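Please look through the sequence and the model together before reading on. The paragraphs below start at the N terminus, then turn to a second sheet, one residue and a pocket.

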Amino acid sequence: MIKVAIIGAGAISDSHILAYLNFKEKCQIVALADLYVDKAKQKVEAYNLNAKVYPSYTELIEKEEFDVASICLPPYEHAPTAIALLNSGKNVLVEKPMAPSLEDCDQMIAAAQKNNRLLSVVAQNRFRTPVMRLNTVLKSGIAGKILFGKADSLWWRGSNYYDLWWRGTWEKEGGGCTINHAVHHIDMYLWMMGMPDSVLAITTNLNHTNSEVEDFSTAVLFYKNNAIGQITASLIHHGEEQQLLFQCENAGLSLPWKVCSYNQRENGFPEENSEKAAEIQAYYDSLPEVKNTAHNGQIENFLSAIEGKGDLLVDGNQGRNSIMLITAIYLSAHLGTKVDLPLKEDCLFYTRDGIVKNAKKFHKKTKSVDNLSG
């Protein structure tokens, strides 16, 4: 039986707790740790857990026997917590974003390798049937070469969102909507289209004055094969309409799922290619459905990998890829120039100190509360 500890009792911990409870034949939650002990106790009571509560991960490591930890803490706590857990021989699943800086990511990966333990980064949207199927369709080549890829990660958050003490600062949050909201779409985009060779981006803060960080960014991505990508992240979009879109040689594919294909008429104008669209749709429909979705699917994959029954779908290196592209977006926006990938260790934003020192602060954070209701 795999013994599990949950580090952090905020809202996202519910998804982890529920997922582990779905696999009672494989694992048992034995402990929770949170700076606010009452919050952890509330989770124990709400889910009827036979689990101890600790005020810190350090005390948890010292006093409790467990095999696996889910880290559900603010981003700046991810690296030190993960490294301590890995060095104590635990397998680690860390919430997104993996960490605020590439240096943090590299130290986490090194700790996992040194201790021969698994490090996985939450990317729960990969574990959804439409996402899995779209990835398979793209990589099958049935739609032809990808010419243009687009990710729109469009959200809406009010000004109170940044009142929470760790949000809205480069030091604690590591950035704004690009790293903490668009990271989901960026992970899926990179999974499907791969890392670009260079990035040109802008970031700004349009409507959140209690925040140092951006609430809007857009980036153009350049590939060696002449393909183009575009990623937009926002916290100002009423309606929160989100999408992944890939225009290929033979068809356009998107999530929410849609397929469209054109041939050209004699004059070059389009006419519907219903045969190609039907072929792609039939292939899409033939692909298997995901049995366990979102966090359930990722935690099932994580537990199976620990048991030696499969490989991690999202490991530390893939989590790092998202942070590298996000870092390149920030660097390009702050320098006002195109940035080449991969980034090197001498990059201005490689370390957290480098980000805090050099990143533009759009506003001064003047309001801070310990907790937000709801």
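A residue counts as buried when its relative accessible area is under 20%, and strands are DSSP runs of at least two residues, numbered from the N terminus. With these terms in hand, and keeping in mind that this is a predicted model, one can begin at strand 1, which covers residues 2-7 and is mostly covered, five of its six residues being buried.

Strand 1 has a partner in strand 2 (residues 27-33), with which it pairs in the parallel sense over six bridges, and within this pairing Val4 stands opposite Ile29 of strand 2. Between these two strands the chain passes through helix 1 (residues 13-21), and the resulting β-α-β crossover is right-handed. Strand 1 is also joined to strand 4 (residues 68-71), here by four bridges and again with the strands running parallel; in this pairing Val4 stands opposite Val68.

Further along the chain, eight strands form an open sheet of mixed pairing, in the order 13-12-11-7-10-9-8-16. Its edges are strand 13 (258-260) and strand 16 (339-340), each of which pairs on one side only. Inside that order, strand 9 (residues 216-222) and strand 10 (residues 228-234) pair in the antiparallel sense over seven bridges, and Ala219 stands opposite Ile231 of strand 10.

Leu49 takes the reader back towards the N-terminal strands, since it is found in the loop between helix 2 and strand 3 (52-54). Is Leu49 buried or exposed? Its relative accessible area is 12%, and because the cut-off for burial is under 20%, Leu49 counts as buried. Leaving aside its neighbours within four places in sequence, Leu49 is in contact with Ile17, Leu21, Ile29, Leu32, Lys43 and Val44, and Ile29 in this list is the residue of strand 2 that stands opposite Val4. From Leu49 to Cys347, by contrast, the C-alpha to C-alpha separation is 45 Å, with their positions 298 residues apart in sequence.

The last feature is the largest pocket, which holds about 1400 Å³ of space. Its lining is made up of 47 residues, and those that lie nearest its centre are Gly10, Ala11, Ile12, Trp166 and Arg167. By class, the lining has 21 nonpolar, 14 polar and 12 charged residues. Which element gives the most to this lining? Helix 2 (residues 37-46) does so, with three residues.

Methods: Residues numbered from 1 in each chain as written. Predicted model: local features only at pLDDT ≥ 70, side-chain atom pairs only at ≥ 80, totals over all residues. Heavy atoms only, no water. 1 Å grid on protein atoms, 1.4 Å probe; cavity = no way out; pocket = protein on both sides within 12 Å on 5 of 7 lines; lining within 4 Å. Points joined across faces, edges and corners; volume = space filled by probe spheres on them. Nonpolar A, V, L, I, M, F, W, Y, C, P; charged D, E, K, R; others polar. Buried < 20%, exposed > 50% of the residue type's maximum accessible area, 1.4 Å probe, protein only. Contact = heavy atoms within 4.5 Å. Pairing = 2+ DSSP bridges. Right-handed = clockwise from strand over helix to strand, strands pointing away.
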